[in-house]
Amino acid sequence: RSISKLIQAVQGLAREKEENDERRKNEIIAGMPSFENRANEKYAYAVTQFDTGNYATCVEDLESVLKEKSTHARGFILYGICAFQCGLPARAKAAFRKAADYADHDGLVDVYVEAMLRFARLERFVGNHKEGLAILKEAIEAVDPDSPLYIALCYEEVQALFANPDRTESL
């Protein structure tokens with residue numbers, strides 16, 4: 001029984017490798033640059049490190065991601081979260097700002113909003129309430145008023161101004 005389970009596991013791994021190879025081939029054929037493939041693969045490893053609470057290792061992995069693709073907006077968001085967890089709020093702020101800038105440039109509205117929300121929350125967390133509100137206002141002005149993300153930003157602003165002005169939310 002254990003041998004048959006082992007054989008099944010090996011066959012499953014072989015199928016998974018074939019599927020990954022096929023995916024990579026299709027990405028290359030579609031014109032996705034190999035550096036972007038490598039960056040996305042490294043990002044997946046970094047997410048795994050984050051999910052297991054290995055923040056310092058995640059930061060190292062993300063630095064590798066950002067060497068491959070310096071405009072990886074989601075990589076910068078995760079880098080900011082991990083930097084904050086490692087007690088580096090200045091690095092976290094810079095990472096959230098870069099994520100927002102790259103996401104805005106690439107038209108990734110959801111990533112832009114996530115980065116700006118995290119950036120504003122971090123400013124509020126470290127006691128910079130006015131700066132946090134300014135960041136929220138900047139994001140509100142940049143997002144389409146018909147977008148559900150606009151509503152999320154406005155809600156965050158109301159929470160910051162009236163409901164819980166001293167509450168610091170998790171990043």
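**Figure 1. F76 is a buried residue of the predicted model.** In this predicted model, F76 has a relative accessible area of 8%, so the residue counts as buried. Three aromatic pairs turn up in a search of the whole structure, that is, 3 in total. One of them joins F76 and Y102. The two ring centres are 5.7 Å apart, and the planes meet at 35°. That geometry makes the pair tilted. F76 sits in helix α4 (residues 73-85) and Y102 in helix α5 (residues 89-106), so the pair ties together parts 26 residues apart in sequence. Y102 is partly exposed, at a relative accessible area of 26%. The pair thus combines a buried ring with a partly exposed one.

**Figure 2. The whole chain, for orientation.** The chain has 8 helices and 0 strands. Read from the N terminus, its elements run α-α-α-α-α-α-α-α. The chain holds 171 residues, and 33% of them are buried. Among contacts with a separation of 6 or more, 51% are between residues 24 or more positions apart. The exposed area of the chain is about 10200 Å². Carbon and sulfur atoms supply 55% of that area.

**Figure 3. Confidence along the chain.** The mean pLDDT of the chain is 85. A pLDDT of 70 or more is reached by 85% of the residues. Among the elements, helix α5 has the highest mean, 95. Helix α1 (residues 2-29) has the lowest, 70. Where pLDDT is low, predicted coordinates should not be read in detail.

**Figure 4. A salt bridge between helices α2 and α3.** Side chains of opposite charge can pair when their charged atoms come close. The structure holds 8 salt bridges. One of them is formed by the side chains of E68 and K42. The N to O distance is 3.1 Å. E68 belongs to helix α3 (residues 55-68) and K42 to helix α2 (residues 34-51). The partners are 26 residues apart, and the pair links distant parts of the chain. K42 is partly exposed, at 27% relative accessibility.

**Figure 5. A salt bridge between helices α4 and α6.** The side chains of R74 and D110 meet in a salt bridge, 3.4 Å from N to O. R74 lies in helix α4 and D110 in helix α6 (residues 109-125), so the bridge ties together parts 36 residues apart in sequence. Both partners fall in the partly exposed class. R74 has a relative accessible area of 38%. For D110, relative accessibility is 41%.

**Figure 6. A salt bridge between helices α5 and α6.** K93 and E123 meet through their side chains in a salt bridge of 3.3 Å, N to O. K93 is in helix α5 and E123 in helix α6. They stand 30 residues apart, and the pair links distant parts of the chain. The partners fall on either side of the 20% cut-off for burial. K93 is partly exposed, with a relative accessible area of 21%. E123 is buried, at 6% relative accessibility.

**Figure 7. A salt-bridge network around R97, D101 and E138.** These residues, R97, D101 and E138, are linked in a network of salt bridges. E138 is also in contact with Y112, the residue shown in the next view.

**Figure 8. Y112 and its contacts.** Y112 is found in helix α6. The residue is buried, with a relative accessible area of 6%. Neighbours within four places in sequence are left aside here. Beyond them, Y112 is in contact with A100, A103 and D104. Its contacts also include E138, A139, A142 and V143. L149 is 37 residues away from Y112 along the chain. The C-alpha atoms of Y112 and L149 are separated by 9.9 Å.

**Figure 9. A nonpolar patch on the surface.** V158, L161 and F162 form this patch. Together they have about 300 Å² of accessible area. F162 lies in helix α8 (residues 148-163). F162 counts as exposed because its relative accessibility is 64%, and the exposed class begins over 50%.

Notes
Residues are numbered from 1 along each chain as its sequence is written. This is a predicted model: local features need pLDDT of at least 70, side-chain atom pairs count only at pLDDT 80 or more; totals for chains, interfaces and linings use all residues. Side-chain values use heavy atoms; hydrogens and water are left out. Rings of Phe, Tyr and Trp (its six-membered ring) pair if their centres lie within 6.5 Å; planes under 30 degrees apart count as stacked, over 60 as edge-to-face and the rest as tilted. Helices (H or I, at least four residues) and strands (E, at least two) are DSSP runs, numbered from the N terminus. Buried means under 20% relative accessible area, exposed over 50%, partly exposed in between (1.4 Å probe, protein chains only). Contact means heavy atoms within 4.5 Å. Accessible areas come from the Shrake-Rupley method with a 1.4 Å probe; for residues, only the protein chains shown count as cover. Patches are made of residues with over 30% relative accessible area and no salt bridge: like charges are joined within 9 Å, nonpolar side chains (Val, Leu, Ile, Met, Phe, Trp, Tyr) within 5 Å. A salt bridge is a side-chain nitrogen of Lys or Arg within 4 Å of a carboxyl oxygen of Asp or Glu. pLDDT is the predictor's confidence in each residue, from 0 to 100.
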